[in-house]
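Okay, thanks for making time, everyone. I'll put the structure up now and walk through a few spots.

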Amino acid sequence: MFNKIIKKIKDLNLNDNNKLIIYNTAGAFLVKGGALIISLITMPAYIRYFNNQLVLGVWFTLLSVLSWILTFDLGIGNGLRNHLVKSFVENDKEKAKRYISSAYVIIGIIVSVLLPISIFLFRYVNWNIFFNISESIISNKVLNVSVVIVFSGILIQFLLKLITSILYSMQKSALNNFLTLLSSIITLIYVLLAKGSTIYQNLISLAIVNVLAVNIPLFITTIIIFSGKLNECKPQISYYNKKYMKNIMKLGGIFFWVQIMYMVITTTNEFLITWLTSSDMVVEYQVYNKLFSLIGTLFTLALTPIWSAVTKALSENNNKWIIKLYRILKLLALVALICEFAMIPFLKYIVDLWIGKYVIKVNYLYSLIFAVSGSIFIWNGVISSIANGIGKLKIQGVLLTFGAIIKIPLSIVFVNLFNSWIGVIVANIVSMSLYCVIQPIWLNKFLKEKELEEISCV
């Protein structure tokens with residue numbers, strides 16, 4: 001199937017930028033299609049594995065909270081990604097090697113310092129209070145061991161994940177989706193085959209499997225890439241350069257701030273639901289979230305190669321192509337938004353078929369709110385992909401900061417108003433709305449100016 005798709009793409013006689021996007025999107029859809037199926041199967045498998053929604057809610061919250069660490073790379077991954085695109089366009093392998101080496105050295109130092117300090121400090125945290133769960137269900141010692149294992153794995157991933165930024169800059173985004181699929185498959189196989197045991201053993205074992213599932217594919221890919229196509233660019237300490245590191249940090253610092261603000265808005269849901277209501281409510285949230293993020297996830301596949309492709313086109317002064325691409329993405333986003341709301345009438349049947357009857361009672365007000373939330377984040381994906389590729393992040397930085405500031409107080413207000421965890425999702429919608437209105441206005445103005453510049457040059 002993939003070979004037939006590639007042949008048809010070649011027959012279209014497209015330019016290089018269009019080919020790169022179509023190759024990566026086609027590959028991503030094939031790979032991510034499998035990942036989505038795995039994700040849907042994993043949810044009921046998790047429910048059977050733990051057989052306790054409070055503990056499962058803690059697991060989801062644990063992964064969510066600790067995955068925040070991945071955004072604390074000071075924007076180095078994203079800064080490296082944009083600079084490498086330019087180096088590859090210029091075919092400057094010396095510059096590429098210095099950028100890559102500098103990034104690996106600084107991330108390696110951060111991990112080496114952060115790991116022992118954090119493990120020492122974790123012993124003094126009351127994790128039962130943090131996760132809002134009684135010691136009669138899970139002891140603080142078990143939670144601490146689980147946190148240490150998952151956190152250590154995430155810090156290893158912190159370093160190994162640099163290969164994904166390199167793959168994006170090489171216009172190989174579909175390969176990153178394949179790595180995610182491998183991790184999901186490994187986790188699912190374990191959850192399906194593992195025999196029921198105590199909560200302690202189940203939680204610790206799953207934490208270890210999670211570390212291996214995430215990091216082994218990244219490690220193997222790193223070895224393959226630097227032994228093959230980027231053999232001349234493999235990282236070396238002697239190639240670390242302050243000037244190149246400053247270049248990465250200058251652009252990466254802005255990306256880092258935007259990442260942190262976006263993280264506060266989007267990845268705090270599980271924690272806030274646990275904190276403001278109860279950890280078992282996270283399971284109900286996950287059911288709605290996985291279904292209504294499905295269309296957004298599919299749409300995001302098409303956006304995955306856009307960022308680096310826009311950076312490449314901008315380096316080549318191909319502004320007309322960026323403008324045309326943006327128009328196409330807006331039309332595709334409209335189709336995706338319609339699909340979000342079209343899912344609502346069938347939701348009960350989908351949920352019953354997926355995880356079984358009576359696990360949760362479908363609430364159609366919640367469904368409508370999730371459809372609006374899903375639409376907001378689809379639109380955010382379009383405008384952010386273009387803005388990130390251009391490298392103009394001031395609007396994102398200001399408006400996402402505002403959204404992050406109001407997210408937690410709004411969550412408290414709306415949870416009390418609705419008397420339900422759904423208030424957290426309403427807070428998400430309000431927090432993102434201003435950015436989703438103002439950013440496209442600025443983008444239209446910027447691209448119009450670029451179009452006029454191109455015409456005047458001709």
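**A helix pair, a patch and two contacts**

So, let's start with two helices: helix 5, residues 93-122, and helix 8, residues 162-169, have axes that come within 11 Å and cross at roughly 160 degrees. Keep in mind that this is a predicted model. Angles over 145 degrees count as roughly antiparallel, and helix 5 and helix 8 are therefore roughly antiparallel to each other. As for the handedness, helix 5 passes helix 8 in a right-handed crossing.

Next, the surface. Which residues form a nonpolar patch there? You've got Ile 208, Leu 212, Ile 216, Phe 219, Ile 220, Ile 223 and Ile 224, and together they have about 650 Å² of accessible area. Let me pick out Phe 219, which sits in helix 10, residues 199-227. Its relative accessible area is 48%, so Phe 219 is partly exposed.

Now over to helix 14, residues 306-315, where you'll find Ala 309. Buried or exposed? Ala 309 counts as buried, because its relative accessibility is 1% and the cut-off for buried is under 20%. Ala 309 also has a partner from elsewhere in the chain: Gly 389 is 80 residues apart from it in sequence, yet the two C-alphas are 7.3 Å apart in space.

Last one, Trp 379, in helix 17, residues 364-390. Trp 379 has 21% relative accessibility, so it counts as partly exposed; buried would need under 20%. Trp 379 and Leu 332 are 47 residues apart along the chain, with 9.9 Å between their C-alpha atoms.

That's my tour; happy to rotate the view for anyone.

Terms used. Residues numbered from 1 in each chain as written. Predicted model: local features only at pLDDT ≥ 70, side-chain atom pairs only at ≥ 80, totals over all residues. Heavy atoms only, no water. Patch = residues over 30% accessible without salt bridge, like charges linked within 9 Å, V, L, I, M, F, W, Y side chains within 5 Å. Areas by Shrake-Rupley, 256 points an atom, 1.4 Å probe, with all protein chains shown as cover. Salt bridge = Lys/Arg side-chain N within 4 Å of Asp/Glu carboxyl O. Helix = DSSP H or I, 4+ residues; strand = E, 2+ residues; numbered from the N terminus. Buried < 20%, exposed > 50% of the residue type's maximum accessible area, 1.4 Å probe, protein only. Axes fitted to C-alpha atoms, helices over the stretch in contact; angles between N-to-C directions. Parallel < 35°, antiparallel > 145°, perpendicular 65-115°, else oblique. Left-handed = near helix turned anticlockwise from the far one by under 90°.
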